Amino acid sequence: MSFNGFNSFQVYVSMKRKILLTYLKGLKNSFTHCSERLEKKVYVPGTLRIDKRGSISYYHREDANDKSGTYIKKESRSFIRQLAQQDYEKLVRKASEKTDVVITRCIEALERCTFPDEIYDSLSPERKELVTPIDSDDEYAKTWLKRHTHTEGYFSKDMPIYLTENGERVRSKTEHMMANRFKTKGIAYVFEPEVKTEVKTRRPDFLVLNKRTRKEYYIEHLGMMDDPAYVAENMDKLAEYENMGIILGKNLLLTFSNERHPLDSKKIDTLIENFLL
C-alpha cells in the first residue's frame, strides 16, 4: 500500500493502536455479553410462520420439518409475540457470535501491525536525529502550520499588548490565556486566520487542529454577552460563517463569557479535551 493510501487509513482510524483496540475490545465485550445473555434464555420449541396471503395468519412450526405449522388463533396474541421475539433473538445471537469471531480476528491482526510512528519511537536518539518521521502527528501539525501562516491584523496604538508564549500578539487577556493553553496542551493553532465571507473578510479568533483526527476547527470567543448590540453583531457574523460552510458544532466552536462568568483555564481545557485531543 502506498504511503498516501496508508495515511488515508490512518486518518480514518485516528492512527492510534490503543484507541482502536479499546474500541474493538469494547465492541467485542458488547457482542459477547449479548450472546451469553441470549444463550441463557429458555425458548418454546419451534418458530413462527406468517402467511400474508389474504388476511394475515400465524402458524407455529414446532420443528424444522414442519413446513406449514399449526394455526394460531389471533386471540393468542401474546403467544404470537413470544414466537416472533424468540425468532428475532435467535437471529441476534447468531449474528453476535459471528461478529464476535470477526472482531477477535481484527484485534489479533491489529496487535500484530506496526504503525510508522511506533517504528520512529523505537529508534535510538542518534538515529532519530537523522530521520524525518513519515506523517507522524507532530509532523502533520508542522506541515499544517506552514499551510496556515499567521498574518497580523490591525492593532490601534492605544490597545494593550498581549504576547503569547509563541510570540504572536493577541487582542485580549482571554485570547492570551487560550493561546497559551493550546501551546501547553500541544495543540497546533493559528491566531486570527482570514476567512473571506460573502460580506467581508472576517478573522475568527483561532483556527486549531486535532492532530489525531486531522480535523480543523474555528474558534470564536464571545466575551461581551451582556451587550445586546454585541450579541446581534455576532449573530450576523455566525450567519456569514454558516453560508461559507463554517457551521457551529461541526467545524466551529464557541466559548462565552461576561462580567459574572469569565472564561477560565478549566473551561478551555474542557474544550480541548472534548474536541482537540
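The buried residues of H3 pack against helix H2 (17-39), strand E1 (47-51), strand E2 (57-61) and strand E3 (70-72), where helices (H or I, at least four residues) and strands (E, at least two) are DSSP runs numbered from the N terminus. The model is predicted, so that local features need pLDDT of at least 70 and side-chain atom pairs count only at pLDDT 80 or more, while totals for chains, interfaces and linings use all residues. Residues are numbered from 1 along each chain as its sequence is written, and side-chain values use heavy atoms, with hydrogens and water left out.

**Exercise 1. Determine which residues of H3 are buried, and place Glu89 among its contacts.**

Step 1. Apply the burial cut-offs, by which buried means under 20% relative accessible area, exposed over 50%, and partly exposed in between (1.4 Å probe, protein chains only). In H3 the buried residues are Ile80, Leu83, Gln86, Asp87, Glu89, Ser96, Asp100, Ile103, Ile107 and Leu110.

Step 2. Locate Glu89, which lies in helix H3 (residues 77-112) and counts as buried because its relative accessible area is 10%.

Step 3. List its contacts, taking contact as heavy atoms within 4.5 Å. With neighbours within four places in sequence left aside, Glu89 is in contact with Leu38, Lys41 and Tyr43; Leu38 is one of the buried residues in H2.

**Exercise 2. Compare the spans of H3 and H2 with the spans expected at 1.5 Å a residue.**

Step 1. The expected span of a helix is 1.5 Å times one less than its number of residues.

Step 2. For H3, with 36 residues, the expected value is 52 Å, and the distance from its first C-alpha to its last, 53 Å, is close to that.

Step 3. For H2, the 23 residues should span 33 Å, and the end C-alpha atoms are 32 Å apart, which agrees.

**Exercise 3. Describe how H2 packs with H3.**

Step 1. Two packed helices are described by the angle between their axes and the distance between the axes. Axes are lines fitted to C-alpha atoms, for helices over the stretch in contact, and angles run from 0 to 180 degrees between N-to-C directions.

Step 2. H2 and H3 pack at an angle of about 155°, with their axes 8 Å apart, and are therefore roughly antiparallel to each other (under 35 degrees counts as roughly parallel, over 145 as roughly antiparallel, 65 to 115 as roughly perpendicular and the rest as oblique).

Step 3. The residues of this contact divide into 12 nonpolar, 5 polar and 10 charged, where Ala, Val, Leu, Ile, Met, Phe, Trp, Tyr, Cys and Pro count as nonpolar, Asp, Glu, Lys and Arg as charged, and the others, Gly among them, as polar.

**Exercise 4. Describe how H7 packs with H9, and name the residues that meet.**

Step 1. Helix H7 (residues 173-184) and helix H9 (residues 265-275) pack at an angle of about 50°, with their axes 10 Å apart, which makes H7 oblique to H9.

Step 2. Met177, Met178, Arg181 and Phe182 in H7 meet Ser265, Ile268, Asp269 and Ile272 in H9; by class, the contact has 5 nonpolar, 1 polar and 2 charged residues.

**Exercise 5. Locate Cys113 and relate it to Arg17.**

Step 1. Cys113 lies in the loop between H3 and helix H4 (116-122) and is partly exposed, with a relative accessible area of 36%.

Step 2. Cys113 and Arg17 are 96 residues apart in sequence, yet 8.7 Å apart in space, C-alpha to C-alpha.

Step 3. Not counting residues up to four places away in sequence, Cys113 touches Arg17 and Glu118.
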